[in-house]
Amino acid sequence: MKETLTGEPVPAPAPGADRYPALDLANSAVTLPGGRALDLLATPADATGWLTGRDLAPAGSDLREPCAARLRALRAEIRSLLASRVGGHPASTGALATVNEALTRAPAASLLHWDPVHGPYRAAAHPTTQLVEHALAVLAADAADLLTGPDAERLTACGSAPCDRYLLRHGRRHWCSTRCGDRARAARAYARRGGRGRRDRETAEG
C-alpha cells in the first residue's frame, strides 16, 4: 500500500477512479476508520505529487500553496456535485459556478496585456499558474463527463461508515474497497446478533 509523505497509508483507488480523475480527486480526502481524516492534497508537495502521478503536471513541477488551495477548492465542489447526484437533490449554484469557471479558464493562447509605458503586449500566464489552470480544466471537464454520461447511473457513495468515498457501482457492490466491504458485513452481523440477543432477553423476561 502506498503512503503519503507523512507515512499515512493511502487506500487503493475506489472502483471507477482509474477511469475518472475527477472521481479520484473527490476521493483524495477521506475519513478512515476511527474517524481519522486523510487528505492527499494537504500540502503543496502532496498536491504536486498527486497531479504528477496522474500526468496532470510534468515531473519537476513545484506548486505553491495558492495553487494547491485552488485544487482543494475544486475538489470540494466536485464532491458537492457528486453528493447531489447520488442523493438526488439539486446541485449548489456555487459548485456549478466553480466547475464551469475551471472549464473555461485553461489558457489557449498568449493573453493581451497593457503596460502603462510600452502599451499593449501579449504574454502567456506564469508557467505554474498555467499548469494549474490546465489541470483544473481537465478535472472539471472530467467531472462534467462523469455527471452527464452513462456512468452517472452507477455513481454511489461507499456504504461502509465512516468512509465517505465515491465509486462506480458494479452489480450490487456499494463499497469502495474490500476492507470497507468486510467492515460493513461485520457491522451487519453484529447488529443481527445484537437483535437476537435482545429478543432472547425479552423472551426470557416475559
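A hairpin of 3 residues leads from strand S3 to strand S4, and this is a convenient place to enter the predicted model. Strand S3 covers residues 111-115 and strand S4 covers residues 119-123; the two pair in the antiparallel sense over 5 bridges. Within this pairing, Leu111 faces Ala123 of S4.

Stepping back from the hairpin, the chain as a whole contains 6 helices and 6 strands. Read from the N terminus, these elements follow the order α-β-β-α-α-α-β-β-α-β-β-α. The chain has 206 residues, and 35% of them count as buried. Its accessible surface amounts to about 11,900 Å², with 56% of that area belonging to carbon and sulfur atoms. Among contacts in the chain with a separation of 6 or more, 53% are between residues 24 or more positions apart.

Charged side chains offer a helpful next stop. Side chains of opposite charge can pair when their charged atoms come close. In this structure there are 11 salt bridges. One of them joins Asp39 to Arg75, with the closest N and O atoms 2.7 Å apart. Asp39 belongs to strand S2 (residues 37-39) and Arg75 to helix H3 (residues 65-87), so this salt bridge ties together parts of the chain that are 36 residues apart in sequence. The two partners can also be described by their exposure. Asp39 is partly exposed because its relative accessibility is 26%, whereas Arg75, with a relative accessible area of 8%, is buried because it falls under the 20% cut-off.

Helix H3 takes part in another salt bridge, this time through Arg70. The side chain of Arg70 meets that of Glu133 at 3.2 Å, N to O. This pair links distant parts of the chain, since Arg70 sits in helix H3 and Glu133 in helix H5 (residues 127-148), 63 residues apart. Arg70 has a relative accessible area of 30% and is therefore partly exposed; Glu133, at 6% relative accessibility, counts as buried. Both residues also belong to a network of salt bridges, in which Arg70, Glu101, Arg105 and Glu133 are linked.

Further along the chain, Asp151 and Arg154 form a salt bridge between their side chains, again described by an N to O distance, here 3.2 Å. Asp151 is buried at 9% relative accessibility, while Arg154 is partly exposed, its relative accessible area being 29%.

Two features of the backbone complete the tour. Most residues other than glycine have a negative phi, and most peptide bonds are trans. Against that background, Asp55 stands out: this residue is not a glycine, although its phi is positive, at about 60°. Asp55 is located in the loop between helix H2 (44-53) and H3. With a relative accessibility of 72%, Asp55 counts as exposed, because this value is over the 50% cut-off.

The other feature is a cis peptide bond, which joins Ala161 and Pro162 with an omega of about 5°. Pro162 is also found in a loop, the one between strand S5 (155-157) and strand S6 (166-168).

Note on methods. Residues are numbered from 1 along each chain as its sequence is written. This is a predicted model: local features need pLDDT of at least 70, side-chain atom pairs count only at pLDDT 80 or more; totals for chains, interfaces and linings use all residues. Side-chain values use heavy atoms; hydrogens and water are left out. A salt bridge is a side-chain nitrogen of Lys or Arg within 4 Å of a carboxyl oxygen of Asp or Glu. Helices (H or I, at least four residues) and strands (E, at least two) are DSSP runs, numbered from the N terminus. Buried means under 20% relative accessible area, exposed over 50%, partly exposed in between (1.4 Å probe, protein chains only). Contact means heavy atoms within 4.5 Å. Accessible areas come from the Shrake-Rupley method with a 1.4 Å probe; for residues, only the protein chains shown count as cover. Two strands pair if DSSP finds at least two bridges between them.
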